[in-house]
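Reader: I would like a close look at one part of this model, a residue whose backbone angle drew my attention, and then an account of how that part fits into the rest. Please take it step by step and keep to what the coordinates support.

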Amino acid sequence: MKIVIEMKKANPNRNLYTMLRHNLKLFFRNIKHNKGSFMINTFGLGIGIASFLLLTLYVHNDLTYNRFHDNYDNIYRIRDGETVQTKGPLLPKLMEEVPEVVNGTRIFDWEGFRISHGDKAFQENIHYVDQSFFSIFSFPFTEGSDRNPIQEKYSVVISTDFAKKYFGNEPAIGKKLQIKFEEVFLEVKGVVDIPSNSSIKFDIVSSYETGEEISPWIKGIHDWYNTFSISYVQLKDGIAPEAIDEKLKQIVKENYLPVGQNETDLNLLPLQAYHSTEESNQTLIVILCIIALGIISIAIVNFINLTINSVQSRVKEIGIKKVHGASGSDIIGQILTESFVVSFIALLLGLMLMGLFLPTFNTLNDTSLQFTPFEKPVFIWIPLIIWAVVGGLSGLIPSLFWTKGKLTESLKGNVFSGLRSSSGSHSLIVIQFAIAIILISGTLLVRKQVQGMLEKDPLFDTENVIITELQPWQFPNMENTGNNYERIAKELEESPMVESVSFSQCIPGYYSENYNVFFPQGKNSEESIHLRKAYVGANYFKTFGIQQLSGNGFEKGNINYENAIVLNKAAAQKLGFNEANGQILNESSKQGDIRKVVGIVDNFSYQGVQHQAQPLIHIFSEQEDYTNWGFLSIKAKEGASLQMLEQLKQKWKSAFSGIEPKFYFADEKLNEQYKEYVQINTLVAWFSILAVLLSCMGLFALASNSMAKRTKEIGIRKVNGATISEILLLLNKDFLKWVVLAFFIAIPISWYAMKSWLEGFAFKTEINWTIFLLAGIVAIGIAILTVSWQSLKAATANPIQALKDE
Amino acid sequence: MLIKLSNIFKWVQQGGRRVFLLKDINLVVEEGDFISIMGPSGSGKSTLLNVIGMLDGFDEGEYNFLNEPVHQLKEKKRALLFKQYIGFVFQAYHLIDELTVYENLEMPLLYKKHSGSERKALVADMLDRFNIVGKKDLFPTQLSGGQQQLVGIARALIGKPKLILADEPTGNLNSKQGEEIMELFKQLNNEGVTIIQVTHSEKNAAYGKRIIHLLDGRMEEI
């Protein structure tokens with residue numbers, strides 16, 4: 001008899017649809033029966049995806065800094081050696097003499113004054129730029145246009161933030177802004193929305209011409225000696241910056257003072273590299289990348305593991321289907337449908353969680369990141385790729401086992417016997433926990449370092465010194481204000497609660513970026529030295545409780561402090577001065593202003609202990625007009641500081657009613673220097689908690705899987721007299737040994753990472769074995785809890801139940 | 001001739017020795033036969049049934065199904081043969097818990113690429129024939145064991161197979177339910193379906209036209 005094997009030819013599309021409907025129906029009914037594992041599964045992956053996206057947003061933002069400029073590839077910032085400030089006439093000279101330079105602009109950002117509109121008034125930092133500023137850079141205008149917006153004198157371009165601050169939601173264009181209390185007005189000609197990842201930021205810009213009208217002194221400092229401007233150039237397409245090296249050298253030689261002897265090394269820093277070299281913390285970016293990849297891999301591995309587990313109960317279903325004619329591709333189709341649906345749900349959940357936590361993440365990092373996938377297509381691709389990878393892997397891996405599994409076995413419900421190698425799933429535990437332990441110990445170390453920095457004695461008095469920020473720009477009547485400052489200081493000085501008071505331009509934690517070169521007279525170890533400059537008044541060191549190592553600290557008395565200076569220890573050591581005995585330094589050049597050393601003070605911390613103490617020079621200064629001072633600092637007698645603060649508030653109120661005073665304790669500004677590290681600490685802490693959580697989910701799943709496999713074994717052991725605690729020990733031991741292994745793998749990696757991170761700090765906390773121990777205990781403790789949850793259930797189960805299975 | 005098994009051997013390696021599961025099995029099954037396979041535990045009954053049902057392979061011998069040499073066929077062709085001519089009934093019913101009675105019956109048709117209307121007609125036909133129309137929207141867990149096995153048999157029959165293979169179909173049922181199932185088999189056999197069943201019970205075996213005894217993988221026919 002001839003047999004006919006016939007295949008029904010149905011419409012393939014309709015059939016596909018039928019199968020899809022059948023698969024989805026089964027899938028959703030299955031979820032209903034396994035709500036718990038489904039929730040854990042999707043939530044775990046959702047959290048992983050959300051974390052990954054948040055970190056990717058951060059990293060992407062950092063890596064795409066300044067890209068929005070059309071001339072991005074050709075813009076360079078001129079550096080004067082290592083510093084980014086350049087001399088005023090340099091750029092015009094370059095434009096004139098170097099044909100490769102097609103465009104360029106200077107930025108002058110040393111000007112600040114009160115700007116008001118109606119009753120809205122703030123101290124503003126105005127930038128003066130060359131006309132070409134808006135043609136070299138491509139800032140997006142929301143009002144006005146980039147065609148010569150600052151050509152007319154007194155016309156300005158403002159940022160959207162500035163516009164909002166002064167004008168609310170009204171259009172800004174054409175609005176007038178008053179300068180100080182004078183009858184001089186600026187007119188808004190444009191508003192730009194500066195992208196958050198722009199290195200060049202400003203609130204308000206105007207032209208150099210305007211700046212020279214407002215403050216004629218600006219003209220004076222744009223010479224071949226002072227370095228007060230930032231210079232950007234745009235090179236011709238295809239010109240490498242090295243090509244104009246020789247010409248730069250020539251310009252330095254011909255113009256820089258002293259002519260012919262100046263050795264300044266001018267170089268061009270590409271805008272592409274500017275953010276990474278000058279602004280961003282590259283170690284942090286690397287750390288974040290590692291965390292992001294670590295978390296998403298933990299989550300994906302978990303997801304695949306959990307998927308395999310949750311469908312293990314359905315092995316029989318697959319067997320039944322195969323007996324009734326389902327082919328391998330039918331089965332794979334079903335599994336893939338499910339894995340893609342589950343991972344899609346997880347993806348949606350991840351996107352939702354990300355949206356939910358983005359504001360918190362932004363506050364935590366001081367960023368304003370936004371998830372805008374339609375503007376940045378990379379953020380469409382990333383979720384899609386995650387979906388494809390997770391859906392594909394979590395579908396294909398189980399289908400491999402299922403389709404290859406022996407049918408007669410799968411009908412009995414055990415297809416996985418020996419198929420999933422236990423070493424595979426155990427190495428997953430090891431990797432997950434190693435990552436978790438590295439993150440935990442990292443958190444502990446960063447915490448210890450921050451704590452150490454905060455606790456390290458800054459070598460000045462942080463408890464009894466109250467600082468008043470004078471804010472003279474707030475007041476129209478300068479003379480009156482100055483007199484009030486003087487009077488308050490005098491009154492305070494006489495108060496029995498006060499040790500001393502001092503006026504200054506700087507306070508610890510706030511020293512301006514003012515450097516100069518000094519030439520010591522006589523035979524010295526150094527011919528010249530770069531020193532950071534600060535102007536302070538009498539009793540400055542006494543008020544801040546800074547220890548004097550030698551000589552005098554500008555104490556009030558009948559001494560003439562004209563031209564007197566006080567060095568810090570670092571500066572004195574560099575110059576080879578053991579004590580202060582009137583050594584002379586010339587500022588700027590060998591014939592420059594004379595400075596006489598009257599004292600040496602300890603290396604107190606003025607910019608945070610993460611930095612090495614830089615050589616400092618404090619120049620004594622007296623002001624006729626007290627509004628030239630920035631700060632008034634008061635040292636109260638031991639224990640009287642709070643009372644003092646009250647009194648200060650009173651005095652301020654009666655003298656300047658209506659203007660909010662700014663008072664703070666001396667360590668407040670200093671502690672602001674540690675903000676970045678506190679942020680890193682919070683960030684790493686949160687993500688290590690997540691990593692631990694996700695690892696535990698994975699462990700939980702593996703444990704439940706393995707317990708299920710060993711039900712019979714446990715039953716037999718119990719029937720033969722094993723106690724619950726013996727069983728617990730037996731079951732837990734199997735998992736914990738892998739966590740312990742993870743611990744030993746994590747230690748060297750973690751130690752190395754910590755060491756490299758600490759390299760950037762002058763003050764380094766000790767990498768202590770307690771950090772690792774604590775991290776290990778936390779990880780192992782959590783692992784024990786997780787596994788015991790499962791093993792306790794297995795150990796206390798009735799053995800008869802387990803053995804009846806056969 | 002529906003099936004011809006000639007000198008079938010099947011073994012596993014255990015500790016370097018061959019342990020025979022099936023030893024020199026020779027069997028001819030004609031269309032319309034009703035065969036009961038009996039034997040103690042571990043004698044190879046289920047293994048033989050699985051070999052006949054193409055769920056399991058063998059190591060030596062020849063197996064012809066409707067004159068097609070199964071031992072030489074490619075996997076795909078064998079699957080087609082299996083799909084078209086063989087239906088399985090299990091001791092534990094093996095219904096899919098997440099599917100209703102209706103959907104369980106429909107499931108095999110999905111893999112045989114029947115159109116929607118064909119499926120509807122075939123399932124309705126079966127529900128009618130087995131008198132379970134009222135149960136079509138229930139899930140297996142809502143049915144008694146006998147009812148579940150009824151659905152299992154209906155599902156095995158829905159593809160109109162020539163051969164039904166039943167592995168202890170009454171093993172999980174009480175005697176009354178078991179009797180009903182056996183009566184049903186007898187009726188099906190009268191309608192022309194070939195049946196091979198594995199059973200422990202002499203009484204159930206007696207429903208068959210022939211009884212085969214297996215002992216340690218060897219066959220003796222009575």
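Author: Met54(B) is buried, since 20 other C-beta atoms lie within 10 Å of its own, and 20 is the number at which a residue begins to count as buried. This is a predicted model, and what follows should be read in that light. Met54(B) lies in the loop that runs between α1 (45-52) and β4 (60-65) of chain B, and its phi is near 65 degrees, a positive value in a residue that is not glycine. Most residues other than glycine have a negative phi.

A second residue of chain B makes a useful companion to this one. Leu66(B), again not a glycine, has a positive phi of about 50 degrees, and its place is the loop between β4 and β5 (68-69) of chain B. Leu66(B) has 19 C-beta neighbours inside 10 Å and therefore counts as partly exposed, whereas Met54(B), with its 20, is buried. The class of each residue follows from the cut-off, because 20 or more neighbours make a residue buried and 12 or fewer make it exposed.

The loop of Met54(B) leads to β4(B), and β4(B) belongs to an open sheet of 4 strands, ordered β2-β1-β4-β5 in chain B, in which the pairing is antiparallel. At the edges of this sheet are β2 (17-29) and β5, each of which pairs on one side only. Strand β1 (residues 3-14) of chain B is joined to β2(B) by 9 bridges, and the two run antiparallel; within this region, Val12(B) stands opposite Val19(B) of β2(B).

Stepping back to the whole of chain B, its secondary structure amounts to 7 helices and 10 strands, and 45% of its 222 residues are buried. The radius of gyration of chain B is 18 Å, which agrees with the value near 17 Å that a compact globule of 222 residues would have. Taken along the principal axes, the C-alpha atoms fill a box of roughly 55 × 40 × 35 Å. Among the contacts in chain B with a separation of 6 or more, 70% are between residues 24 or more positions apart.

Chain B also meets chain A, where 26 residues of chain A are in contact with 24 residues of chain B. On the chain A side, α1 (12-33), α11 (315-323) and α14 (407-412) each supply at least two of the residues that touch chain B, and the largest share, 7 residues, comes from α1(A). Sorted by class, that side of chain A has 12 nonpolar, 8 polar and 6 charged residues.

Chain A itself has 25 helices and 22 strands. Its radius of gyration is 35 Å, well over the 28 Å that the globule rule gives for 806 residues, so chain A is more spread out than a compact globule. Its C-alpha trace spans about 120 × 65 × 55 Å along the principal axes, and 38% of its 806 residues count as buried. Of the contacts in chain A between residues at least 6 apart in sequence, 83% join residues at least 24 apart.

For a view of burial within a helix, α5 (residues 160-167) of chain A may be set beside the loop discussed above. Phe162(A), Ala163(A) and Tyr166(A) of that helix are buried, and they lie on the same side of α5(A) because they cover an arc of only 100 degrees around the axis. The buried residues of α5(A) pack against several strands of chain A, including β6 (155-159), β8 (185-192) and β9 (204-207). Two of these strands pair with β6(A): β8(A) runs parallel to it, with 5 bridges, while β9(A) pairs with it in the antiparallel sense over 2 bridges. Ser159(A) stands opposite Val192(A) in β8(A), and Ile158(A) has Ile204(A) of β9(A) as its bridge partner. After the helix comes Gly168(A), with a positive phi near 60 degrees.

A word on confidence is in order for chain A, whose mean pLDDT is 85, with 94% of its residues at 70 or more. Two stretches call for caution: pLDDT stays under 50 over residues 1-8 of chain A, for which the model has 11 contacts beyond four places in sequence, and it also stays under 50 over residues 417-421 of chain A, for which there are 3 such contacts.

Terms used
Residues are numbered from 1 along each chain as its sequence is written. Chains are lettered from A and ligands numbered from 1 in the order in which they are written. This is a predicted model: local features need pLDDT of at least 70, side-chain atom pairs count only at pLDDT 80 or more; totals for chains, interfaces and linings use all residues. Two residues are in contact if their C-beta atoms, placed from the backbone, lie within 7 Å. Ala, Val, Leu, Ile, Met, Phe, Trp, Tyr, Cys and Pro count as nonpolar, Asp, Glu, Lys and Arg as charged, and the others, Gly among them, as polar. The radius of gyration is taken over C-alpha atoms; the globule rule is 2.2 Å times the number of residues to the power 0.38. The arc is that of the directions from the helix axis to the C-beta atoms. pLDDT is the predictor's confidence in each residue, from 0 to 100. Two strands pair if DSSP finds at least two bridges between them.
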